[in-house]
Amino acid sequence: MTQFTISTAITLLALGVLTQGTQPSELCSKNINAMTQGDLDAIKGCSVYSGTITIDNSGAEELALAGVEEITGSLILSGNVLLRTFQAPQLAKVKGELRIVNQTVLQKLQLPMLMESKVLNLSVLPALEHLDFPAGLTQVDDAHIEDTRAPSVTGFKPEHMHSFALISNNYMKQFDFSAVKDLSGTLHVASNGNALDFQANQLVSVETGDFRNVAQLSLPQLTRVSGDITFNDNNVSQLQIDQVELVKGTLTMANNANLVSASFQHLAKIGGAFSIGNNPQLASIDGFPALNEVDGTVDIAGSFDSYALPALQDVRGGMRLQTTSSKLQCDDLERKMKSDNVVKGTTWSCGANMDESQLQPTLGQEGTDGSSAGNRFPGAKGLANENGGKKGTIGGASGESGATSGTTGALAPAMAASWALLLAGGAAIFGF
Ligand SMILES: *[C@@H]1O[C@H](CO)[C@@H](O)[C@H](O)[C@H]1NC(C)=O
Ligand SMILES: *[C@@H]1O[C@H](CO)[C@@H](O)[C@H](O)[C@H]1NC(C)=O
Ligand SMILES: *[C@@H]1O[C@H](CO)[C@@H](O)[C@H](O)[C@H]1NC(C)=O
């Protein structure tokens, strides 16, 4: 009995020493700068590496980080000018950031086991043609994929995220974002391949959405936007986002050259501004049958014949409608808005039969910060800003009234008689 216990103890001791031998704690728990394959081979025994591994000044063409399954810090590769291939065959988890940036000749990136990385940043990888996560990347809070050559990404499977950015991937044709159900931060898709089909088929909620230069966009389950949502400069012909009920911030739809229809069947409330401009194929504004309340400004410009916001009861900011169509009945609209007290802001304007060149840019149509739009539509920027504290008036009593009358004066001569400008020195003539 005693003998057995001793031999067990000896065995355990031997095992312990053995474990120490393969994973000396000091070797596996520090931040290192690896320059050569030898440096990476030296940590092969560290299945858990407690620290950050940085590879940023290596002259190697090929590097493999074998044996390491988990990194408690970050893995950073940056500016290794000759590196063509990098693989981490056992790496499953990175608790910090997996950052692979500025690797101009990197063609092959193999991460067959990767399932988790708190932050994933793959940027400036202009030679990288394949971006795959064969094991399924199921946990990632923030992901940023910029300037790769990949036509698609496979195995991107997180359900919950904080932020996601897909930018300037010129060859990207398709991105399957369908695993993601919610983002507590920003979803930003811009400047990728002209044909990009971005599929977010299960996405229910997002804080901020910014979609630019996409050819197809699927957001069939999107229900809630807790900030702004922007659709600018896209080549989509159809935007069908019928489940969305609430946009807490501003909804902008501008410069979408081929947009034929925009359908938001359940959208009831917009907490910021509602702006639609320069979508030349959009013949009617009829995709918002449930829209009841807009807390900011309604600013719509285009070639629409009729106004069809049948449920709109409450516009707390001003309202500006501009159309090249001669069919829009501004007088009728004015009567309705007046008698029903729909528009609470002090500015109301409606122009029909306008020349294309007379249309003033809508909020968000120019630039991304609304700065120029603020000039064109006085006070609009303040109105759009939920925290701006200026909601409810355009010009009028706000601090921007000086700018209002100035801008109005400057614009007036350029306007045709059809442009029913109902501003008088910054105050509306409506007795709202
Ligand atoms: C990219 O890496 C190269 C080579 O190390 C370096 O000279 C350059 O400054 C890096 N660029 C950025 C933006 O970090
Ligand atoms: C990723 O890196 C790029 C370039 O260094 C940077 O602009 C971006 O903010 C980073 N994103 C994240 C989520 O770390
Ligand atoms: C936009 O889409 C149309 C078809 O809907 C296509 O003919 C055109 O080439 C696309 N434009 C760009 C810049 O991809």
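Good morning. I begin with the shell around ligand 2, whose residues divide into 2 nonpolar, 3 polar and 1 charged. What we are looking at is a predicted model, and I shall keep that in mind throughout. The residues that surround ligand 2 are Val 101, Val 119, Asn 121, Ser 123, Asp 142 and His 144. Two elements give two or more residues to this shell, namely strand 10 and strand 12, the latter spanning 142-148. Which of the strands supplies the largest share of the shell around ligand 2? That is strand 10, with 3 residues.

Let me now place this in the chain as a whole. The chain contains 7 helices and 36 strands. It has 432 residues, of which 41% count as buried. As for the contacts with a separation of 6 or more, 28% of them are accounted for by residues 24 or more positions apart.

I return to strand 10, and to its pairing. Strand 10 covers residues 116-125 and is joined to strand 8 by 7 bridges, the two running parallel. Within this pair, Val 94 stands opposite Ser 117 in strand 10.

Strand 8 has further pairings. Strand 6, residues 75-78, runs parallel to strand 8, and 4 bridges join the two. There the bridge partner of Ser 78 is Val 101, in strand 8. Val 101 was also one of the residues surrounding ligand 2, which links this pairing to our starting point. Strand 5, residues 70-71, likewise pairs with strand 8, residues 93-101, in the parallel sense, over 2 bridges. In that case Glu 70 stands opposite Lys 93 in strand 8.

One residue of strand 6 deserves a closer look, and that is Leu 75. Is Leu 75 buried or exposed? Leu 75 counts as buried, because it has 23 C-beta neighbours inside 10 Å, and the threshold for that class is 20 or more. Leaving aside residues up to four places away in sequence, Leu 75 touches Ile 53, Val 94 and Leu 98. Ile 53 lies 22 residues from Leu 75 along the chain, yet their C-alpha atoms are separated by 4.9 Å. Val 94, another of these contacts, is the residue I placed opposite Ser 117 a moment ago.

I turn next to the sheets. In one open sheet, 3 strands follow the order 4-7-9, with parallel pairing. Its edge strands are strand 4 (62-64) and strand 9 (108-110), each of which pairs on one side only. From one strand to the next, the twist averages 0 degrees. Strand 4 and strand 7, residues 85-87, run parallel and are joined by 3 bridges. Here Ala 64 stands opposite Gln 87 in strand 7.

Another open sheet also has 3 strands, in the order 16-18-20, and again the pairing is parallel. At its edges stand strand 16 (174-176) and strand 20 (216-218); each has a single partner strand, so one side of each is left without a neighbour in the sheet. The twist in this sheet averages 5 degrees from one strand to the next. Strand 18 and strand 20 pair in the parallel sense over 3 bridges, and the bridge partner of Asp 197 in strand 20 is Gln 216.

Following on from strand 18, we come to a loop. Where is Val 204 placed? Val 204 sits in the loop between strand 18 (197-199) and strand 19 (205-212). Val 204 counts as partly exposed, because it has 16 C-beta neighbours inside 10 Å; the class lies between the limit of 12 or fewer for exposed residues and that of 20 or more for buried ones. Not counting residues up to four places away in sequence, Val 204 touches Lys 181, Asp 182, Gln 221, Leu 222, Thr 223 and Arg 224. The C-alpha atoms of Val 204 and Val 180 are separated by 8.5 Å, with their positions 24 residues apart along the chain.

I close with a second ligand site. Which residues lie around ligand 3? They are Asn 194, Asn 235, Ser 237 and Asn 258. By class, that shell has 4 polar residues, with no nonpolar and no charged ones. The shell around ligand 2, by comparison, has 2 nonpolar, 3 polar and 1 charged.

Thank you for your attention.

Methods. Residues are numbered from 1 along each chain as its sequence is written. Chains are lettered from A and ligands numbered from 1 in the order in which they are written. This is a predicted model: local features need pLDDT of at least 70, side-chain atom pairs count only at pLDDT 80 or more; totals for chains, interfaces and linings use all residues. Helices (H or I, at least four residues) and strands (E, at least two) are DSSP runs, numbered from the N terminus. Two residues are in contact if their C-beta atoms, placed from the backbone, lie within 7 Å. A residue is near a molecule or strand if its C-beta atom, placed from the backbone, lies within 6 Å of it. Ala, Val, Leu, Ile, Met, Phe, Trp, Tyr, Cys and Pro count as nonpolar, Asp, Glu, Lys and Arg as charged, and the others, Gly among them, as polar. Two strands pair if DSSP finds at least two bridges between them. Axes are lines fitted to C-alpha atoms, for helices over the stretch in contact, and angles run from 0 to 180 degrees between N-to-C directions.
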